[in-house]
Amino acid sequence: MLTTLNTSYTDTRAADLAWTLGREPLPALATLDLELAGAQLQLRLLGASHQVLLEEEQGRCSETVACIAGSSAPLPVGVAERVGDWEYEFAAHVEVLSPRSFAGRAQELLALVSDHPHGLAGVFPGSPHAFTAMLARRHEGQVHWRTWHAYPQDGQLVATRTRVGVRMPSAQLSPSGV
């Protein structure tokens with residue numbers, strides 16, 4: 001799903017993004033509710049940022065990547081945590097692209113996400129290459145999502161990748177315990 005976000009694009013920067021886990025739902029400019037084999041997932045666009053709410057039999061998980069007031073910690077390159085009965089993994093990468101490469105990559109990502117049944121993308125008025133996009137799937141019992149945050153004024157594209165899955169109890173590990 002592709003939408004134009006009803007807000008102005010401000011000069012945010014990739015360096016202003018921060019990551020938090022467990023935050024309550026924030027006001028969203030656009031949402032997409034999904035059911036992925038028993039998992040309830042809500043993709044939320046928060047302007048130049050995102051929030052994902054996951055609810056399953058095992059519990060709830062909330063991921064937020066946003067410009068958070070009072071946060072001075074940079075966006076982490078990677079995080080691995082236990083959240084209740086889940087294993088949670090997050091990774092982020094910032095690409096710096098030339099204006100021409102940025103425009104091509106933006107068009108490619110927006111086409112991929114807007115045509116996907118589990119995709120949500122929001123474009124900011126005034127710049128076709130200023131967007132936030134999200135794509136989710138369920139694979140082998142785990143929920144995965146990817147996001148892209150575009151900052152055309154700096155030629156920066158922030159890509160994140162998240163995986164949430166049920167932790168295997170020790171008794172279900174191989175006989176050697178590994």
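Here are some short exercises on the predicted model above, each with a worked solution.

Before you start, note that this is a predicted model, in which local features need pLDDT of at least 70, side-chain atom pairs count only at pLDDT 80 or more, and totals for chains, interfaces and linings use all residues. Residues are numbered from 1 along each chain as its sequence is written, and side-chain values use heavy atoms, with hydrogens and water left out.

**Exercise 1. Confidence and overall make-up**

Find how confident the predictor is, and list the elements of the protein.

Step 1. Begin with pLDDT (the predictor's confidence in each residue, from 0 to 100). The protein has an average of 86, and 89% of the residues score at least 70.

Step 2. Look for a weak stretch. Over residues 170-178 pLDDT stays under 50, and the model has two contacts there beyond four places in sequence; contact means heavy atoms within 4.5 Å.

Step 3. Take the elements next. Helices (H or I, at least four residues) and strands (E, at least two) are DSSP runs, numbered from the N terminus. The protein has one helix and 12 strands, in the order β-β-β-β-β-β-β-β-α-β-β-β-β from the N terminus on.

Step 4. Finish with burial, where buried means under 20% relative accessible area, exposed over 50%, and partly exposed in between (1.4 Å probe, protein chains only). Of the 178 residues, 44% count as buried.

**Exercise 2. The helix and its two faces**

Work out which side of helix 1 is buried, and what covers the buried residues.

Step 1. Check the length. Helix 1 (residues 99-114) has 16 residues and reaches 22 Å from its first C-alpha to its last, close to the 22 Å expected at 1.5 Å a residue. The expected span is 1.5 Å times one less than the number of residues.

Step 2. Pick out the buried residues of helix 1: Phe-102, Ala-103, Ala-106, Leu-109, Leu-110 and Val-113. They lie on the same side of helix 1, because they cover an arc of only 135° around the axis. The arc is that of the directions from the helix axis to the C-beta atoms.

Step 3. Turn to the face pointing away from the buried side, which carries the exposed residues Arg-100 and Gln-107.

Step 4. Name the cover. It includes strand 1 (2-4), strand 9 (119-123), strand 10, strand 11 and strand 12.

**Exercise 3. Strand 12 and its partners**

Explain why strand 12 is described as largely enclosed, and describe its pairing.

Step 1. Count the buried residues. Strand 12 (residues 156-166) has 11 residues and nine of them are buried, so the rest of the structure largely encloses it.

Step 2. Take one partner. Strand 8 (residues 86-96) pairs with strand 12 in the antiparallel sense over 11 bridges; two strands pair if DSSP finds at least two bridges between them. Val-94 stands opposite Val-158 in strand 12.

Step 3. Take another partner. Strand 11 (residues 142-151) runs antiparallel to strand 12, joined by nine bridges, and Ala-150 stands opposite Leu-157.

Step 4. Look at the turn. The hairpin of strand 11 and strand 12 has four residues between the strands, and Gly-155 there takes a positive phi near 65°.

**Exercise 4. The open sheet**

Give the strand order of the five-stranded open sheet, and find its edges.

Step 1. The order is 2-6-5-4-3, with antiparallel pairing.

Step 2. Strand 2 (18-21) and strand 3 stand at the edges; each has a single partner strand, so one side of each is left without a neighbour in the sheet. Neighbouring strands are turned by 10° against each other on average, direction ignored. Axes here are lines fitted to C-alpha atoms, for helices over the stretch in contact, and angles run from 0 to 180 degrees between N-to-C directions.

Step 3. Inside the order, strand 5 (residues 50-56) and strand 6 (residues 59-66) run antiparallel with seven bridges, and Leu-53 stands opposite Ser-62.

**Exercise 5. Three loop residues**

Describe Ala-37, Glu-140 and Leu-26 in their loops.

Step 1. Ala-37, between strand 3 (30-36) and strand 4 (39-45), has a positive phi near 50°. Ala-37 is exposed, at 64% relative accessible area.

Step 2. Glu-140, between strand 10 (131-139) and strand 11, has a positive phi of about 50° although it is not a glycine. Glu-140 is exposed, at 70%.

Step 3. Leu-26, between strand 2 and strand 3, is partly exposed at 25% relative accessibility. Beyond its neighbours within four places in sequence, Leu-26 is in contact with Arg-44, Leu-46, Gln-51 and Thr-64.
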